[in-house]
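These are my notebook entries on a structure that I examined by topic. I began with backbone geometry and then turned to strands and aromatic side chains.

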Amino acid sequence: MGFKGAQILVLLLLNIHFVSVKAGDYSKSDRLLFDFYSPQWVNTPRGVNTDPTFSFSVSWGKDMPIKTSKFSWFYGLGYDFSTIRHNINFKSLPTIDETVRELGVRILNVPYSINRLSTQYLEVPLEVRYRTQTKYPFRFYLGTKIGYMTSASYKLDEENGGIYKRRSLDELDRFKYGITFRIGYGLVNFYTYYGMNGLMPSKKQEGINQLSFGITLMAN
C-alpha cells in the first residue's frame with residue numbers, strides 16, 4: 001500500500017469514526033484507533049539527528065471488559081506508516097565494502113534538501129485499559145505492540161548530486177516492538193510510543209530507538 005492509498009484509507013476510517021461518535025451511546029469500547037504522531041530517534045550515535053515529520057497508524061480490535069470494572073483488555077491488528085527525516089547515509093555499499101556497514105551508521109556529509117526514510121508495518125497491539133463509561137470518558141491505556149516491516153524506502157535529494165532512491169533496506173530490523181501509552185479525556189487523547197529494539201540488528205548498530213509523540217482519536 002502506497003502513501004496515497006494509506007491516506008484514502010485513513011479518510012474513510014475517519015468518516016466511520018465521526019459517524020460512530022455521533023450515533024453511539026456512552027458504552028465505550030474504543031475498537032478503532034487512529035494515531036497521528038511525530039517520530040524521532042533517540043539513543044543514537046554521536047552526530048545523528050532527526051527532524052519532526054508526520055506519521056500515522058490505525059488499529060482495529062476487540063475490547064474485553066474485566067467483569068464489571070472500568071478495566072479491560074484490548075488486542076487487534078494495525079497498519080503503521082512512518083517517515084523520518086535524518087542525516088544518516090543509507091546509500092547502498094559495494095559488496096567489497098560490506099564490512100563498513102557492519103560497523104554501524106554513516107553520517108551524510110554532503111549538502112541535501114531531503115534525506116528521508118519511510119517504513120510501513122503490520123502490527124499487533126495489546127493493551128490493558130482503564131476507562132470511565134461517561135459521555136466524555138477519561139482514559140489511561142498502557143500496552144505494547146509488535147510490528148513486521150512490509151516496506152521500506154529511502155530518498156536522498158542532494159543539492160548538487162541529483163535524487164537517489166532505494167528500497168528493500170536489508171540492514172534494517174524487520175521486526176519492531178515497544179511500549180505504548182495513551183491518556184486523555186473525551187475525543188482527543190495523548191499518545192506515545194517507545195521502541196524497545198533498535199533500528200538495526202544489534203550486531204550492526206546498537207541503539208537508535210524510536211520515540212514518538214502524538215494524539216489518538218478513537219471510535220466504538
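**Entry 1. Positive phi outside glycine**

Is I208 buried or exposed? I looked it up in the model, which is predicted. I208 is buried, as its relative accessible area is 2%. I located I208 in the loop between strand 9 and strand 10, the latter spanning 209–219. I noted its backbone because most residues other than glycine have a negative phi. I208 is not a glycine, yet its phi is positive, at about 60 degrees.

I then looked up D30, which likewise is not a glycine and has a positive phi, here of about 50 degrees. D30 lies in the loop between helix 1 (3–23) and strand 1. With a relative accessible area of 1%, D30 falls under the 20% limit and is therefore buried.

**Entry 2. Strands 8, 9 and 10**

How many bridges join strand 8 to strand 9? I recorded eight bridges, and the two strands run antiparallel. Strand 8 and strand 9 form a hairpin with two residues between them. G186, in that turn, has a positive phi of about 80 degrees.

On its other pairing, strand 9 is joined to strand 10 by seven bridges, again in antiparallel order. I followed T192 of strand 9 across both pairings. T192 stands opposite F181, and its bridge partner in strand 10 is F213.

**Entry 3. Aromatic pairs**

I next went through the aromatic rings, for which the count comes to 13 pairs. One of the pairs is Y37 with Y191, with 6.0 Å centre to centre and 50 degrees between the planes. I entered this pair as tilted, because the angle is neither under 30 degrees nor over 60. Y37 belongs to strand 1 (residues 32–42) and Y191 to strand 9 (residues 188–195), so the pair links parts of the chain 154 residues apart. Y37 is buried at a relative accessible area of 5%, and Y191 is buried at 1%.

I then took up F140 and F181, whose ring centres are 5.3 Å apart. With 75 degrees between the planes, this pair is edge-to-face. F140 is in strand 6 (residues 138–158) and F181 is in strand 8 (residues 175–185), 41 residues apart. Are these two rings buried or partly exposed? F140 is partly exposed, with a relative accessible area of 36%. F181 also counts as partly exposed, at 22%, because buried would require a value under 20%.

I also noted one aromatic cluster, formed by F36, F54, F56, Y79 and F81.

**Entry 4. A lysine over two rings**

Over which rings does the charged end of K176 sit? I found it over the ring of Y121, 4.3 Å from the centre. The charged end of K176 also sits over the ring of Y193, at 5.4 Å from that centre.

**Entry 5. Surroundings of T119**

I closed with T119, which is placed in strand 5 (residues 112–131). T119 is buried, with a relative accessible area of 9%. Leaving aside residues up to four places away in sequence, I listed its contacts as D80, F81, S82, M149, S151 and A152. F81, one of these contacts, is also a member of the aromatic cluster entered above.

Notes: Residues numbered from 1 in each chain as written. Predicted model: local features only at pLDDT ≥ 70, side-chain atom pairs only at ≥ 80, totals over all residues. Heavy atoms only, no water. Helix = DSSP H or I, 4+ residues; strand = E, 2+ residues; numbered from the N terminus. Buried < 20%, exposed > 50% of the residue type's maximum accessible area, 1.4 Å probe, protein only. Contact = heavy atoms within 4.5 Å. Phe/Tyr/Trp six-rings, centres within 6.5 Å; stacked < 30°, edge-to-face > 60°. Lys NZ or Arg CZ within 6 Å of the ring centre and 35° of its normal. Pairing = 2+ DSSP bridges.
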